[in-house]
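Hi everyone, thanks for making the time today. Let me put the sequence and the structure up on the screen, and then we can walk through them together.

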Amino acid sequence: MRLFDHAVARALPVVPRSIVGRVAAPYIAGATLEDARRVVSELNANGMSATVDVLGEEITHPESAETIAAAYHEALAAISTDGLDANVSVKLTALGLHVDPELCRALLTEVLRDASARKIFVRIDMEDSSTTDATLELYRSLREDGQDGVGIVLQAALRRTLGDIEALSDLRPSVRLCKGIYVEPSAIAFQEREVIRKSFVACLDALVDAGCRVAVATHDEWLLGQTLDRIPRLEAAGYELQMLLGVRVQRGRELVAAGHPLRIYVPYGQQWYEYSLRRLQENPGVAGHVAKDMLGRLVPGR
Ligand code: FDA
């Protein structure tokens with residue numbers, strides 16, 4: 001199966017933009033804020049909350065970071081104006097983490113002020129391992145400065161994550177727990193599916209024990225089962241389930257019908273093409289999921 005995934009990922013740059021667009025369409029709200037508003041309001045009407053993500057990451061000029069920050073202010077204003085049940089997720093590299101860390105902090109602080117005035121929560125996405133320390137340090141420093149409406153993401157695939165949970169426990173952080181989408185070396189990350197699953201469950205238990213609010217972000221049925229088995233404890237700490245737009249949509253509906261809070265991650269923006277291509281190439285496993293999903297849509301009953 002890995003061969004299939006790598007073959008799909010390698011073929012992507014020669015695939016015409018219009019086809020990448022069709023492949024990416026279920027997973028991205030569209031190019032504009034209007035697209036995101038429409039998709040979020042449909043999700044809300046179906047009993048799901050949303051996280052809005054402005055596409056853009058690893059910028060090379062400070063002006064691009066300012067453009068992304070401005071798009072977040074527009075998204076926050078739209079969420080308030082439309083009364084949407086949504087929060088936002090930001091990527092620190094899109095706000096200039098690698099270009100100018102001070103600018104990144106200043107732009108994020110402004111986004112947090114705006115969001116807090118509108119009572120909207122902000123989650124800092126976790127990117128590849130070159131950003132983990134800087135992300136956790138910035139998170140701690142923001143919390144110590146009194147910013148409370150902000151949360152982080154921890155990746156079960158990283159060997160360090162249980163230690164990070166312990167180190168952060170004094171802050172009782174709000175954590176989105178996911179497997180981790182980036183391909184990392186075995187020196188720092190678990191590689192086998194079963195080991196990552198075990199780590200995910202251990203991290204989930206550690207977060208609940210530390211009294212943290214947890215957002216369990218997975219489409220993995222086995223992990224969903226482990227999560228549902230823990231609902232009484234999770235309810236006490238505060239929990240929600242999270243999924244990506246367009247992924248396991250029917251399962252998401254069933255979870256909502258069973259009374260679980262479900263939040264859908266809604267990416268939008270002009271950079272949808274670059275984003276889709278990079279995500280698919282960075283992790284051939286994702287390219288494989290998408291290609292199989294496409295085949296499923298094209299060949300009903302497959
Ligand atoms: P797994 O990969 O085993 O997927 C289970 C099943 O779901 C697959 O068999 C397939 O059917 C389906 N599936 C999963 N992903 C799919 C896709 N992209 N397209 C089509 N089908 C798919 N990572 C990170 O490093 N930093 C972050 O900040 C975030 N943020 C984040 C937010 C939210 C709301 C979610 C749901 C996920 C993330 N992730 C993330 C991504 C996460 O780390 C992980 O890579 C994916 O969720 C896939 O892992 P699963 O646990 O879903 O299992």
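Val122 stands opposite Val150, a residue of strand E4. Before I go further, please keep in mind that what you see is a predicted model. Strand E3, residues 122-124, and strand E4, residues 150-155, both touch helix H6. E3 and E4 run parallel and are joined by two bridges.

Let me stay with E4 for a moment. How many of the residues of E4 are buried? Six of its six, so to speak a strand that is mostly covered. In general, side chains of a regular strand alternate between the two faces of the sheet. In E4, Val150, Ile152 and Leu154 point one way, while Gly151, Val153 and Gln155 point the other way. Residues on both sides are buried.

Now let's zoom out. Which strands make up the barrel, and in what order? There are eight, and they close in the order E1-E2-E3-E4-E5-E6-E7-E8, with parallel pairing. On average, neighbouring strands here are turned by 30° against each other, ignoring direction.

Further along the barrel, strand E6, residues 214-217, pairs with strand E7, residues 239-244, in the parallel sense over four bridges. If you want a spot to click on, Ala217 stands opposite Gln242 in E7.

Next, the helices. H6 packs on the sheet, and its direction makes about 155° with that of E4. H6 also has a helix partner. Two packed helices are described by the angle between their axes and the distance between the axes. For H6, residues 132-144, and H7, residues 161-168, the angle is about 15° and the axes are 12 Å apart. Angles under 35 degrees count as roughly parallel, so H6 is roughly parallel to H7. Their crossing is right-handed.

Who makes that contact? From H6 we have Thr132, Leu136, Tyr139 and Arg140, and from H7 we have Asp164, Ala167 and Leu168. By type, the residues of this contact are four nonpolar, one polar and two charged.

Let me turn to a few loop residues, starting with Arg159. You will find Arg159 in the loop between E4 and H7. Its relative accessible area is 43%, which makes Arg159 partly exposed, because that class runs from 20% to 50%. Leaving out residues up to four places away in sequence, Arg159 touches Ser186, Ala187, Ile188, Ala189 and Phe190. Arg159 and Ile196 are 37 residues apart in sequence, with their C-alpha atoms 9.4 Å apart in space.

Is Asp220, in the loop between E6 and helix H9, buried or exposed? Asp220 has 8% relative accessibility, and buried means under 20%, so Asp220 counts as buried. Not counting residues up to four places away in sequence, Asp220 touches Lys179, Arg193 and Arg197.

Last stop: two backbone details for you to look up. Lys119 has a positive phi of about 60° although it is not a glycine. Lys119 sits in the loop between helix H5 and E3, and is exposed, with a relative accessible area of 77%. Arg172, also not a glycine, has a positive phi near 40°. Arg172 belongs to the loop between H7 and strand E5, and is exposed too, at 55% relative accessible area.

That's my tour, so let's hear your questions.

Definitions and conventions:
Residues numbered from 1 in each chain as written. Predicted model: local features only at pLDDT ≥ 70, side-chain atom pairs only at ≥ 80, totals over all residues. Heavy atoms only, no water. Axes fitted to C-alpha atoms, helices over the stretch in contact; angles between N-to-C directions. Parallel < 35°, antiparallel > 145°, perpendicular 65-115°, else oblique. Left-handed = near helix turned anticlockwise from the far one by under 90°. Contact = heavy atoms within 4.5 Å. Nonpolar A, V, L, I, M, F, W, Y, C, P; charged D, E, K, R; others polar. Pairing = 2+ DSSP bridges. Buried < 20%, exposed > 50% of the residue type's maximum accessible area, 1.4 Å probe, protein only.
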